[in-house]
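Trainee: I am new to this structure and would like a close look at a single part of it. Could you take me through one helix packing slowly, and then place it in its surroundings?

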Amino acid sequence: MAAALGAAAGRQANLPPCGGDVRQDRGGREGSRRFQCSWRRGWRDSAPSVGFADISPTRGEIGRASAEARATVNICCVGDDDQSIYGWRGAEVDNILRFDKDFPGATIIRLERNYRSTAHILGAASHLIAHNEGRFGKTLFTDRDEPEDDKVHVHAAWDSEEEARAVGETIEAYQRPDKQGNRHNLNDMAILVRASFQMREFEDRFVTLGLNYRVIGGPRFYERLEIRDAMAFFRVVAQGADDLAFERIVNVPKRGLGEATIRQIHDTARALRIPMLEAAAKLAESDELKPKPRAALREVAANFERWQKALETTPHTELAETILEESGYTDMWKNDRSAEAPGRLENLKELIRSMEEYESLRSFLEHVALVMDAEQNAELDAVNIMTLHSAKGLEFETVFLPGWEEGLFPHQRALDEGGRSGLEEERRLAYVGLTRAKKNLHLWFVSNRRIHGLWQSTIPSRFLEELPEAHVDVAESGNSYGGYGNNYGGGSFAWGRGGRQNPYGASRFDNIAEEKSFSNTYATPGWQRAQANRTEATDRNWGSRSGHQVERIGYGETDSGHGAGRTSVKGRTIDGELVAKSVADKPSAFSVGDRVFHQKFGNGNISAIEGNKLTIDFDKAGQKRVLDGFVAAV
Ligand SMILES: Nc1ncnc2c1ncn2[C@@H]1O[C@H](COP(=O)(O)OP(=O)(O)OP(=O)(O)O)[C@@H](O)[C@H]1O
């Protein structure tokens, strides 16, 4: 994808040794070669080979690197600021945006010609990403001029099951031979999800259809650690003799049952020719074990006995939830502070939800065994399923992007924790998703999703509104897809145009009369109905879920992000004008050396100030850059 290329002006024409990806431009228009950033390695030896957008040096490191580098070498970096999507693991888009400040005199060369996607896809992606403030601008263009090219399709479905069914049908339709007898390979299709729990529905559906699929960049849904653990609990309850399952979870969460105890259970089971669970129960009642493991084992045995009894009397989904709670498994992940823990909890909820579709725990277990048997062969022609994060750098003829609903995408956690910069990163993720498609692009939103264990009405993602009408086609899915084709009317949808207030804050484009995003002119009944759901559902589902103070995220609102206090920003820029500034408008009221407190990082001393951005050496969290609105003097 076209990239912002920062280059420190060199005294000599020859460039320093580069990190790879040296490619002669084939079109000749840019007249450039492409290079990775040559000194990235020096900063982060272990950094994965991703673009400049994802490096995460601290300010100090950049400063040092720049001073040294300026004195000795020419530097050439390539990266796309619009594809910086790893903020959660420390990458800062600001590193690109401030490149010309770190290296005064740097030349920025935009690689804007796109060889991958249709004009509609580029138009949609460019329009969407133009809603971000923190970016260099660029104007993507393509020489491809095919009147036959489809617009970007936006589809509505009733719920995620219907979404998976409809995507499956669309894939099957693509597979049928066209007029020339050509078939669309499954390998050239991809489903990109925001959260891994979304994969479950597609995997189940494809197994039912006998459609080959592969999961890229991570395990399949039922192979995930937390799902395997949960399934092991369920298998022991349903089939007490499943020793493999028992061994997997006897000490999960950790209850002090070491290897020696487990070997003892094993030996007893073999000697008496009984399952390990039974052997454990016997050992727990004997004096063979020390008091601690004996007590732990007694609890394990009693738990399983109770759950096995409940199997006959309790609905299986309720029992499954009880098992995960009473075993301490859910709490184990709730107390886990790793970045993966929230996703694992989401996956567990999805697992329980999916069980509702089966009559009993046993029939559910049979279904999962069937899914697990589905062949995973790299040679097979198969649909690719992956998260949006894993899709970076890849491209496919046809791309499906399901789950474009508020709360899921943009993800509520990103908004709660990251405020507007979180929203902008989500938008970059959306941009990455859109630009993976070469020819066909299908976006989906559903109107009902299970959130926090309950069915809720959902509302289309704000990102859908940010797509331009000229490049987008809203597909009414007719009778089979949950009634979006019915005559639901509703007033015209327009935030800030006398309509209801956008609960997330106004968009900076709300009051631009000539602005033609597709939301405000599209009048299909399904879309209108979805809009009617909007305010009500947003407030109910996501409104004040987290204990954090939820920033109002929007342009033109007074918040503590970049551009605080602005009331509106003039029309969007999708041309090559520099639209981003890494330095905020208002100077900070703090001074270097001030001691401050930050809710997440604790106490620290300010070591540098740039506009309203502070570099703080936190006592415990190390050096971080934060906005001054988030700290208080101590
Ligand atoms: N000069 C060229 N002529 C024809 N096709 C090209 C040319 N340069 C790139 N392409 C094709 O355009 C597509 C995108 O190129 P490439 O993957 O290098 O872009 P990128 O900048 O890494 O994209 P992204 O960062 O969005 O993943 C590829 O299919 C590639 O083969």
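**The packing of α8 and α15**

Mentor: Let us begin with helix α8, residues 225-238, and helix α15, residues 341-355, whose axes come within 9 Å and cross at roughly 45°. With that angle, α8 and α15 are therefore oblique to each other, and the crossing in which α8 passes α15 is right-handed. On the α8 side, the residues that take part are Glu226, Ile227 and Ala230, and they meet Arg344, Asn347, Leu348 and Leu351 in α15. Sorted by class, the residues of this contact are four nonpolar, one polar and two charged. Please keep in mind throughout that this is a predicted model.

Another pair of helices can be set beside this one. Helix α10 (residues 259-272) packs with helix α11 (residues 276-284) at an angle of about 110°, their axes being 8 Å apart, and that makes α10 roughly perpendicular to α11. Here Gln264, Ile265, His266, Thr268, Ala269 and Leu272 in α10 meet Met276, Ala279, Ala280, Lys282 and Leu283 in α11. The class count for the contact of α10 with α11 is seven nonpolar, three polar and one charged.

Turning from helices to strands, you will find an open sheet of seven strands, paired in parallel and ordered β8-β9-β7-β10-β11-β6-β14. Its edge strands, each pairing on one side only, are β8 (213-215) and β14 (472-475), and neighbouring strands of the sheet are turned by 20° against each other on average, with direction ignored. Within the sheet, β7 (residues 189-193) and β10 (residues 396-401) run parallel and are joined by three bridges; Met189 stands opposite Thr398 in β10. Helix α5 (residues 119-129) lies across β6 (152-157), β11 (437-446) and β14, and runs at about 70° to β6.

A word on confidence should accompany this picture. The chain has an average pLDDT of 75, with 68% of the residues scoring at least 70. Over residues 478-521 the pLDDT stays under 50, and the model has 90 contacts for that stretch beyond four places in sequence. Residues 537-585 also have a pLDDT below 50, with 111 contacts in the model beyond near neighbours in sequence. Where pLDDT is low, predicted coordinates should not be read in detail. For the complex, the predictor gives an ipTM of 0.97 and a pTM of 0.68.

Note on methods:
Residues are numbered from 1 along each chain as its sequence is written. This is a predicted model: local features need pLDDT of at least 70, side-chain atom pairs count only at pLDDT 80 or more; totals for chains, interfaces and linings use all residues. Two strands pair if DSSP finds at least two bridges between them. Helices (H or I, at least four residues) and strands (E, at least two) are DSSP runs, numbered from the N terminus. Axes are lines fitted to C-alpha atoms, for helices over the stretch in contact, and angles run from 0 to 180 degrees between N-to-C directions. Two residues are in contact if their C-beta atoms, placed from the backbone, lie within 7 Å. Angles under 35 degrees count as roughly parallel, over 145 as roughly antiparallel, 65 to 115 as roughly perpendicular and the rest as oblique. A crossing is left-handed if the near helix is turned anticlockwise from the far one by less than a right angle, and right-handed if clockwise. Ala, Val, Leu, Ile, Met, Phe, Trp, Tyr, Cys and Pro count as nonpolar, Asp, Glu, Lys and Arg as charged, and the others, Gly among them, as polar. pLDDT is the predictor's confidence in each residue, from 0 to 100.
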